[in-house]
Amino acid sequence: MLQPNAVDPHAMLHSLADMLRRTLDQRIGIVIDATPDCPPVLADPGQLESALLNIAINARDAMPEGGTLHFRAEACGALPREVLNELGEAGEHGSFVAISVADSGTGMTEEVKERAFEPFFTTKEAGRGTGLGLSTVYGFVKQSKGAIAIATQPGAGTTVTLYLPQLFDAAPPAAPDDDDGEQALPAGLRVMLVEDDAEVRKVVHTFLATLGCEVVAAENAEQALVQMESDTGAFDVLLSDIALGPGMRGTRLAAEAQQRFPRLAILLMSGFSSELLDADREAPPSWELLRKPYSRAELARALARVLAARP
Ligand SMILES: Nc1ncnc2c1ncn2[C@@H]1O[C@H](COP(=O)(O)OP(=O)(O)OP(=O)(O)O)[C@@H](O)[C@H]1O
Ligand SMILES: [Mg+2]
């Protein structure tokens, strides 16, 4: 069972590379090419990490004398033809992130490439490979509504690319109680929205606007505090991401803001379970934590709850 969640490919590649630098042969150089603004993907984080690890181990095995392992993550513009064919409808309309692992190793012959995803297909000596690595990766990618492609040539290295759906392109998860009507919110609710990811900020802003809220958005905690201090009208709700880049975290911001504005309702959000757990420990009972990604209806219900619970 996959548990899809928001994954920041940039952060994931960096932590994977750190681990590989400590464990792989020193003759294998590791390079990461991932723009920090690479959009988040919707995938099971643990499974994605293990898929990338599987691919990296294959790359290591293909470079017994050392070489370069090159990770890359970027939003894709046009998808390659074979990937479009594989994805069908979803490929035409969806947006994807390409995460690739390239090695400078032996490469594969056409025959090996054709069979690489087959369960139990291996060219490694008995006891070294089960041939299940890439077939497992393939299953994961399919279940994640993505695609995988191999570019390789004997002697010229191999690039394995995963195409995964971008978080905010994916249909919002169907909450079981989603269809019991829209949560009514008081009109003209004033919301201070704090989110460092521009794309997420845009989506949440739209959600709030269509719920009839008046929104002021900031990209970090410091900006938000200045906004709240200088604004003439009082805010009803602070809706903030927990991790806000290098600055003050959302939990600190919430504590700070509530001290200055005791009537402020607090709703914090994060895509990371560990962050939600940590925040849960610090949070007074009137705060609420919302797991990203969420639907508009889920946001409306969470807003209604924090408004009801505010001091
Ligand atoms: N980066 C690569 N360079 C060259 N050949 C590769 C690469 N990745 C996979 N292959 C080829 O594809 C085969 C299948 O890979 P797969 O990961 O499925 O199994 P394995 O690595 O042989 O075994 P396991 O992953 O179960 O330990 C490999 O045996 C190898 O021949
Ligand atoms: Mg393998």
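Start with the big picture: the centres of domain 1 and domain 2, taken over C-alpha atoms, are separated by 35 Å. Keep in mind that this is a predicted model. Along the protein chain, domain 1 covers 5–167 and domain 2 covers 190–309. Where the two touch, domain 1 puts in six residues and domain 2 puts in four. On the domain 1 side of that contact, five residues are nonpolar, one is polar and none is charged.

Now let's go into domain 1, beginning with a pair of helices. H2 (residues 45–61) packs against H6 (residues 133–143). Two packed helices are described by the angle between their axes and the distance between the axes. For H2 and H6 the angle is about 145 degrees and the axes are 10 Å apart, and the crossing is left-handed. If you want to find the contact on screen, pick out Gln47, Ala51, Asn54, Ile55 and Asn58 in H2, then look across to Gly133, Thr136, Val137 and Phe140 in H6. Sorted by class, the residues of this contact are four nonpolar and five polar, with no charged ones.

The same helices lead us to the ligand. H2 and H6 each supply at least two residues of the shell around ligand 1, and H6 gives the largest share, three residues. There are 22 residues around ligand 1, and the ones that come nearest are Asn58, Ala62, Thr122, Gly129 and Gly133. Asn58 and Gly133 also turn up in the list of residues where H2 meets H6. As for the make-up of the shell, eight residues are nonpolar, 12 are polar and two are charged.

A little further along the chain there's a hairpin made of S6 and S7, with five residues between the strands. S6 spans residues 147–152 and S7 spans residues 158–165, and the two pair in the antiparallel sense over six bridges. To get the register, look for Ala149, which stands opposite Thr161 in S7. In the turn, Gly155 has a positive phi of about 85 degrees.

Next stop, the strands of the open sheet. Five of them are laid out in the order S9-S8-S10-S11-S12, with parallel pairing. S9 (214–218) and S12 (288–291) stand at the edges with a single partner strand each, so one side of each has no neighbour in the sheet. From one strand to the next, the twist averages 20 degrees. Inside the sheet, S8 (residues 190–194) and S10 (residues 237–241) run parallel and are joined by four bridges, with Val191 partnered by Val237 in S10. Finally, helix H9 (residues 250–260) lies across S8, S10 and S11 (265–270), running at about 160 degrees to S10.

Technical notes
Residues numbered from 1 in each chain as written. Chains lettered and ligands numbered in written order. Predicted model: local features only at pLDDT ≥ 70, side-chain atom pairs only at ≥ 80, totals over all residues. Pairing = 2+ DSSP bridges. Axes fitted to C-alpha atoms, helices over the stretch in contact; angles between N-to-C directions. Left-handed = near helix turned anticlockwise from the far one by under 90°. Contact = placed C-beta atoms within 7 Å. Nonpolar A, V, L, I, M, F, W, Y, C, P; charged D, E, K, R; others polar. Near = placed C-beta within 6 Å. Domains from an automatic or database assignment.
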